[in-house]
Amino acid sequence: MMVKMVKVGESKYDNYGRITCSIKIAELLELVKGEDIVEWHVHNGEVILRKRTRSYYGFDLESQDIRNRLISYEEDHMEEAMEQDLNPEERLRMAEEEYAKDRKARAEKLEKEKR
């Protein structure tokens, strides 16, 4: 089974034993400096980063909002992740097709503006 994942960022492990959170992850989790806590978990052999959220009368509403944002981001960027897995020749072919399509649309738009 092949699992496709959308890369959101990367960080190097520094000399002080820290890893920096990418700006995009901070935005998606709506992290507030000095206030929010992130937790590291291990599940099914994967490391998972989660924002510690509050339960309201047994409902974790913020976690659901975060999940929806993450799913939306993933859906919007899955095509890019899949393109990275293609061999270079296939990516070039797809790029050339898309470029030709954009050039044609641009030429048609310019032609309409001339009329």
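This tour moves through a predicted model from the whole chain to selected side chains and surface patches.

**The whole chain**

Begin with the entire protein chain in a cartoon view, where three helices and two strands can be traced. Starting at the N terminus, the order of these elements is α-β-β-α-α. The radius of gyration is 21 Å, well over the 13 Å that the globule rule gives for 115 residues, so the protein chain is more spread out than a compact globule. Rotating the C-alpha trace onto its principal axes gives spans of about 60 × 35 × 35 Å. Of the 115 residues, 9% are buried.

**Salt bridges, beginning at Asp 14**

Display the charged side chains next; the count of salt bridges comes to eight. Three of the pairs, and one network, are visited here.

Select Asp 14 and Arg 18. Their side chains meet in a salt bridge, with 3.1 Å from N to O. Asp 14 is partly exposed, at a relative accessible area of 24%, and Arg 18 is also partly exposed, at 49%.

Proceed to Arg 69 and Glu 30, which form a salt bridge with their closest N and O atoms 3.6 Å apart. This pair links distant parts of the chain: Arg 69 belongs to helix H2, whereas Glu 30 sits in the loop between helix H1 (23-29) and strand E1 (38-43), 39 residues apart. Arg 69 has a relative accessibility of 24% and therefore counts as partly exposed. Glu 30, with 47%, falls in the partly exposed class as well.

**The network around Lys 51**

Select Asp 36 and Lys 51, whose side chains form a salt bridge of 3.7 Å, N to O. Here too, distant parts of the chain are linked: Asp 36 lies in the loop between H1 and E1, and Lys 51 in strand E2 (residues 46-51), 15 residues apart. Is Lys 51 buried or exposed? Lys 51 is buried, because its relative accessible area is 8% and the buried class covers values under 20%. Its partner Asp 36 is partly exposed, at 25%. Add Glu 62 to the selection: salt bridges that share partners join Asp 36, Lys 51 and Glu 62 into one network.

**The nonpolar patch**

Switch to a surface view and colour Tyr 13, Ile 19, Val 38, Trp 40, Val 42 and Val 47. These residues form a nonpolar patch on the surface, with about 690 Å² of accessible area together. Which element gives the most to the nonpolar patch? Strand E1 does, with three residues. Centre the view on Val 42, which is located in strand E1. Val 42 counts as exposed because its relative accessibility is 68%, and the exposed class covers values over 50%.

**The negative patch**

Finally, keep the surface view and select Glu 79, Glu 80, Glu 98 and Asp 102. These residues gather in a patch of negative charge on the surface. Which helices each supply at least two residues of the negative patch? They are helix H2 (61-85) and helix H3 (88-114). Within this patch, select Glu 80, a residue of helix H2. Glu 80 is partly exposed, with a relative accessible area of 45%.

Technical notes: Residues are numbered from 1 along each chain as its sequence is written. This is a predicted model: local features need pLDDT of at least 70, side-chain atom pairs count only at pLDDT 80 or more; totals for chains, interfaces and linings use all residues. Side-chain values use heavy atoms; hydrogens and water are left out. Patches are made of residues with over 30% relative accessible area and no salt bridge: like charges are joined within 9 Å, nonpolar side chains (Val, Leu, Ile, Met, Phe, Trp, Tyr) within 5 Å. Accessible areas come from the Shrake-Rupley method with a 1.4 Å probe; for residues, only the protein chains shown count as cover. A salt bridge is a side-chain nitrogen of Lys or Arg within 4 Å of a carboxyl oxygen of Asp or Glu. Lys and Arg count as positive and Asp and Glu as negative; His and the chain ends are not counted. The place of a charge is taken as NZ of Lys, CZ of Arg, CG of Asp or CD of Glu. Helices (H or I, at least four residues) and strands (E, at least two) are DSSP runs, numbered from the N terminus. Buried means under 20% relative accessible area, exposed over 50%, partly exposed in between (1.4 Å probe, protein chains only). The radius of gyration is taken over C-alpha atoms; the globule rule is 2.2 Å times the number of residues to the power 0.38.
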